[in-house]
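Me: I'm new to reading protein structures, and I'd like a close look at a single part. Could you walk me through it slowly?

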Amino acid sequence: MVEKVYISYNHVHKLCQEAAEVIKEFNPHLMIAIGGGGFIPARILRTFLKKENAKNIPIQAIGLSLYEDLGTDTVVETAGLEVVRTQWLDFGAMAEHSVDLIGKNVLIVDEVDDTRTTLHYALSELEKDVQEQAEKLGRTDEVTKFFIFVLHNKDKPKRAQLPKEMLDSGRYLAARTVPDYWIAYPWEAKDIVEHSAQAIKQGND
Ligand code: 5GP
């Protein structure tokens with residue numbers, strides 16, 4: 001029985017290329033990549049989402065970590081696990097460059113949906129932030145839409161949920177739904193040659 005699944009850079013690239021065909025329909029204005037696993041998929045997606053004679057889709061980075069218990073004020077409890085924001089959007093800097101999320105189609109990118117805790121936290125906090133900003137600017141009539149993309153969704157009971165409306169309307173996309181094995185991504189490899197060889201052996205190239 002395979003317990004560790006090796007994924008090559010080629011495979012990540014192909015999954016993003018395939019997913020971009022679906023994501024194009026959503027017409028994202030900007031991406032929010034959850035670090036560090038969402039960074040490389042987001043960058044690859046941008047290549048395939050680029051429209052001729054149009055600007056590249058901007059990518060903003062956020063960082064989240066899961067902890068059992070840290071006992072600090074910066075921790076927010078989500079479905080039994082605690083999420084720490086290690087990096088968040090700088091709304092001040094974004095405003096200076098005339099970028100905001102209000103009324104936009106926002107694509108959230110991560111590498112894997114495991115317990116769903118991270119995605120649930122990211123989405124609900126971003127929704128709260130947008131609501132707050134829209135109220136401040138008197139722009140609550142503008143509709144902001146979120147779409148979540150992950151390379152892999154693990155087929156297992158989740159600790160947190162995403163809005164039913166998001167799932168039903170096709171604004172959640174996992175390139176592959178896989179059994180609950182550990183997935184080894186290429187950017188974590190110490191020996192990329194050996195890693196790629198394992199991925200090829202498993203048919204994940
Ligand atoms: P969550 O449980 O919140 O859905 O996932 C939290 C994070 O755990 C993911 O963003 C990812 O960084 C990490 N993670 C969970 N399962 C795996 C896995 O199979 N492989 C790797 N490399 N990271 C994982």
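What covers the buried residues of α1?

Reply: Happy to help! This is a predicted model, in which local features need pLDDT of at least 70 and side-chain atom pairs count only at pLDDT 80 or more, while totals for chains, interfaces and linings use all residues. Residues are numbered from 1 along each chain as its sequence is written, and side-chain values use heavy atoms, with hydrogens and water left out.

The cover over the buried residues of α1 includes α2 (39-49), β6 (105-113), β7 (145-154) and β8 (172-178). Those names come from DSSP runs, numbered from the N terminus: helices are H or I with at least four residues, and strands are E with at least two. Buried means under 20% relative accessible area, exposed means over 50%, and partly exposed is in between (1.4 Å probe, protein chains only). In α1, the buried residues are His11, Val12, Leu15, Cys16, Ala19, Ala20 and Ile23.

The helix also passes a length check. The expected span is 1.5 Å times one less than the number of residues, so the 15 residues of α1 (residues 9-23) should span 21 Å, and the end C-alpha atoms, 20 Å apart, agree with that.

Just past α1, in the loop between α1 and β2, is Phe26. Rings of Phe, Tyr and Trp (its six-membered ring) pair if their centres lie within 6.5 Å; planes under 30 degrees apart count as stacked, over 60 as edge-to-face and the rest as tilted. By this rule the count comes to 3 aromatic pairs. One of them joins Phe26 and Phe147, a tilted pair at 5.1 Å centre to centre with 45° between the planes. Phe147 belongs to strand β7, so this pair links parts of the chain 121 residues apart. Both Phe26 and Phe147 are buried.

Next comes strand β2 (residues 30-35). Since 5 of its 6 residues are buried, β2 is largely enclosed by the rest of the structure. Two strands pair if DSSP finds at least two bridges between them. β2 and β6 pair in the parallel sense over 4 bridges, and 5 bridges join β2 to strand β3 (residues 59-67), again running parallel. Ala33 makes a good landmark here: its bridge partner in β6 is Val109, and in β3 it stands opposite Ala61. After β2, the peptide bond from Gly35 to Gly36 is cis, with omega near -10°; Gly36 is found in the loop between β2 and α2. For background, most peptide bonds are trans.

Now for the interior. A nonpolar core is a set of buried Ala, Val, Leu, Ile, Met, Phe, Trp, Tyr and Cys residues joined through side-chain atoms within 4.5 Å. The largest has 28 residues, and Leu89 and Leu101 have the most contacts inside it. Elements giving two or more residues to this core are β2, β3, α3 (91-96), β6, α4 (117-137), β7 and β8. The largest share, 7 residues, comes from α4. A second, separate core of 27 residues includes Val5, Ile7, Val109 and Leu151. Val109 is the residue we met as the β6 partner of Ala33. In general, nonpolar side chains tend to be buried together in soluble globular proteins.

Notes:
Contact means heavy atoms within 4.5 Å.
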